[in-house]
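Here are some short exercises to work through, each with its solution. Have a look at the chain before you start.

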Amino acid sequence: MSFSCKNYDYGTDNCRKLKAECIPGRRGCVLEGRVNLSEELEKRLKELDQKKG
Ligand code: SF4
């Protein structure tokens, strides 16, 4: 990861705040709306949204 976040758990690669995979910019993430998302990240976020329906 090219950023540091106090919620990020380096041991599990998960977000301690959301208790889920860390995807910077995802909903509920402290960096939401504050990070420049790479294309790869945007894709993952879209996939996440679609899974939830
Ligand atoms: S999802 Fe956001 S709040 Fe959670 S660890 Fe990653 S960057 Fe931090």
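**Exercise 1.** Does Lys-19 count as buried or exposed, going by its C-beta neighbours inside 10 Å?

Before solving, note that this is a predicted model, in which local features need a pLDDT of at least 70 and side-chain atom pairs count only at pLDDT 80 or more, while totals for chains, interfaces and linings use all residues. Residues are numbered from 1 along each chain as its sequence is written.

*Step 1.* Take the rule: a residue is buried if 20 or more other C-beta atoms lie within 10 Å of its own, exposed if 12 or fewer, and partly exposed in between, with C-beta atoms placed from the backbone.
*Step 2.* Lys-19 has 9 C-beta neighbours inside 10 Å, so Lys-19 counts as exposed.
*Step 3.* Now place it: Lys-19 sits in the loop between E2 and E3. Its phi is near 50°, a positive value in a residue other than glycine.

**Exercise 2.** Apply the neighbour count to Asp-13, Asp-49 and Val-30.

*Step 1.* Asp-13 belongs to the loop between E1 and E2. With 10 C-beta neighbours inside 10 Å, Asp-13 is exposed, and its phi, near 65°, is positive although the residue is not glycine.
*Step 2.* Asp-49 is part of helix H1. It has 11 other C-beta atoms within 10 Å, so Asp-49 is exposed.
*Step 3.* Val-30, in the loop between E3 and H1, has 14 such neighbours inside 10 Å and therefore counts as partly exposed.
*Step 4.* For the whole protein chain, 8% of the 53 residues count as buried.

**Exercise 3.** Work out which secondary structure elements the protein chain has, and how the strands are arranged.

*Step 1.* Helices (H or I, at least four residues) and strands (E, at least two) are DSSP runs, numbered from the N terminus. That gives one helix and three strands, in the pattern β-β-β-α along the sequence.
*Step 2.* Two strands pair if DSSP finds at least two bridges between them. E1 and E2 (residues 14-15) are joined by two bridges and run antiparallel; Asp-9 has Asn-14 in E2 as its bridge partner.
*Step 3.* Put together, the three strands make an open antiparallel sheet in the order E1-E2-E3. E1 (8-9) and E3 (20-21) are at the edges with a single partner strand each, so one side of each has no neighbour in the sheet.

**Exercise 4.** Which residues does Val-30 touch, leaving out those up to four places away in sequence?

*Step 1.* Contact here means C-beta atoms, placed from the backbone, within 7 Å.
*Step 2.* By that test Val-30 touches Cys-5, Asn-7 and Lys-17.
*Step 3.* For a distance, try Lys-6: its C-alpha atom is 9.5 Å from that of Val-30, and the two are 24 residues apart along the chain.

**Exercise 5.** Describe the shell around the ligand.

*Step 1.* A residue is near a molecule if its C-beta atom, placed from the backbone, lies within 6 Å of it.
*Step 2.* There are 13 residues around the ligand, and Cys-5, Tyr-8, Cys-15, Cys-22 and Cys-29 come nearest.
*Step 3.* Sort the shell: Ala, Val, Leu, Ile, Met, Phe, Trp, Tyr, Cys and Pro count as nonpolar, Asp, Glu, Lys and Arg as charged, and the others, Gly among them, as polar. The result is 10 nonpolar, one polar and two charged.

Definitions and conventions: Contact = placed C-beta atoms within 7 Å.
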